[in-house]
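This briefing addresses the overall make-up of one protein chain, the surroundings of one of its helices and two helix-helix contacts. Please consult the sequence and the structure shown below alongside the text.

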Amino acid sequence: MKFFSVLALSAAAALASHAAHAQEYRFRFSADSATTNIKVQAYQKWADLAKEKSGGRIAIRVYPSAQLYNDVNVIPAVSSGTVDMGAPPSGLLTAVVPEAAVFELPSMWGITYDQYRRMLGGDFGRELGKKFEDKLGVKILGYYNMGAWVWGTTRKSSLIQAPADFADKKIRVVGNPLVEQTFKAMGAQPVQMAWPEVPTALLQGVIDGLETTMSGLDSVKGWELVGNLTYANHKYTPYVVIMNQRAWNKLPPDLQQVMLDTLEESVRWQDTELERINAAAIERFREKGVQVKVLQPADVRAFAQSAGKAEPAFVQSAKLEQAAALARASAGLQ
């Protein structure tokens with residue numbers, strides 16, 4: 001009798017182990033852009049890879065076009081657990097972690113992509129991630145590149161070729177106060193505006209132009225909105241992939257590693273796609289009659305020098321001296 005009891009217990013334990021191993025983990029990912037945007041395609045690539053590499057145990061459903069939350073509201077939503085994951089831009093996280101503004105300091109303009117990745121992978125990135133996790137109660141899974149930044153102006157306005165060309169132009173910006181201050185330093189009038197309002201504002205002349213990414217502007221047929229385009233590619237900023245900490249803790253260690261590995265694989269895929277998209281977009285905008293200027297390194301330095309007039313006061317007021325020094329050291333700039 002004892003023998004059969006032992007067998008029964010062993011069978012029950014084996015079944016429980018198998019059930020735990022076979023358990024499926026479902027997560028909701030909130031994205032604020034349409035599926036035509038490369039970042040949303042990268043999120044879906046990650047979801048597909050995670051499902052494949054986990055043998056179907058990880059199921060990430062991506063909700064595009066702000067069906068759940070926009071990038072502003074997704075931050076508290078992930079923190080509270082209302083949604084499992086999101087990827088807000090670093091500029092929107094500066095209200096919680098001021099050090100995230102370092103990516104957009106004019107003294108960082110013109111760094112290479114390799115230097116940017118070293119920033120994220122070095123001491124600066126590790127400390128920044130810990131601050132995000134401590135302040136928000138989330139797990140930082142990785143960073144997607146936002147892509148090349150551009151300045152577009154309407155057909156009634158003029159092409160931005162030098163810092164002085166920003167004078168008195170109303171430019172739509174997003175992100176932290178540093179962005180506003182750098183544009184003011186170049187003579188522009190920065191305007192914070194939610195994206196749904198931007199197309200109409202451009203077409204009606206409420207604003208003269210905008211700062212956005214090349215891939216983002218291309219995905220919404222930006223040639224219908226602007227007549228002039230400056231391909232600046234002057235700074236690297238990340239989308240920060242955040243996951244609710246409680247949701248992360250539900251995953252066994254092997255699946256946590258799958259999540260991290262497949263995310264990094266999708267980041268590399270997006271990097272390759274961005275190079276292709278940006279090159280094709282420049283030609284497409286030209287073919288559509290948009291006047292395009294591609295900034296050279298000397299041009300970027302001139303813009304950085306002009307915008308940099310705002311940097312010392314901002315760094316001091318936000319107490320970013322240590323973070324900025326650590327970022328430069330991590331990137332190998334010192």
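The model is predicted. In this model, the buried residues of helix 6 pack against four strands and two helices, namely strand 5 (149-153), strand 6 (170-173), strand 7 (189-192), strand 8 (209-213), helix 11 (297-307) and helix 12 (311-318). Two further topics are the contacts that helix 5 makes with helix 4 and with helix 13.

**The chain as a whole**

- The chain has 13 helices and 11 strands.
- Its C-alpha atoms fill a box of roughly 90 × 45 × 30 Å along the principal axes.
- Of its 334 residues, 51% are classed as buried.
- Among contacts with a separation of 6 or more, 75% link residues that are 24 or more positions apart.

**Helix 6 and its ends**

- Helix 6 spans residues 177-185, and its buried residues are Leu-178, Val-179, Thr-182, Phe-183 and Ala-185.
- These residues lie on the same side of helix 6, because they cover an arc of only 155° around the axis.
- An α-helix has 3.6 residues a turn, so residues three or four places apart point the same way.
- At the N-terminal end, Asn-176 acts as the cap of helix 6, with a side-chain oxygen 2.8 Å from the backbone nitrogen of Leu-178.
- Gly-187, just after helix 6, adopts a positive phi of about 95°.

**Helix 4 against helix 5**

- Helix 4 (residues 113-121) packs with helix 5 (residues 123-136) at an angle of about 50°, and their axes are 4 Å apart.
- Helix 4 is therefore oblique to helix 5.
- On the helix 4 side, the contact involves Met-119, Leu-120 and Gly-121, which meet Phe-124, Gly-125 and Arg-126 of helix 5.
- By class, the residues of this contact comprise 3 nonpolar, 2 polar and 1 charged.

**Helix 5 against helix 13**

- The axis of helix 5 comes within 7 Å of that of helix 13 (residues 321-331), and the two axes cross at roughly 135°.
- An angle over 145 degrees would count as roughly antiparallel, so helix 5 and helix 13 are classed as oblique to each other.
- Asp-123, Phe-124 and Glu-127 of helix 5 meet Ala-323, Leu-326, Ala-327 and Ser-330 of helix 13.
- This contact contains 4 nonpolar, 1 polar and 2 charged residues.
- Phe-124 takes part in the contact with helix 4 and also in the contact with helix 13.

Definitions and conventions: Residues numbered from 1 in each chain as written. Predicted model: local features only at pLDDT ≥ 70, side-chain atom pairs only at ≥ 80, totals over all residues. Heavy atoms only, no water. Buried < 20%, exposed > 50% of the residue type's maximum accessible area, 1.4 Å probe, protein only. Arc of directions from axis to C-beta. Contact = heavy atoms within 4.5 Å. Polar contact = N/O pair within 3.5 Å; in protein donor to acceptor, adjacent residues only side chain to side chain. Axes fitted to C-alpha atoms, helices over the stretch in contact; angles between N-to-C directions. Parallel < 35°, antiparallel > 145°, perpendicular 65-115°, else oblique. Nonpolar A, V, L, I, M, F, W, Y, C, P; charged D, E, K, R; others polar.
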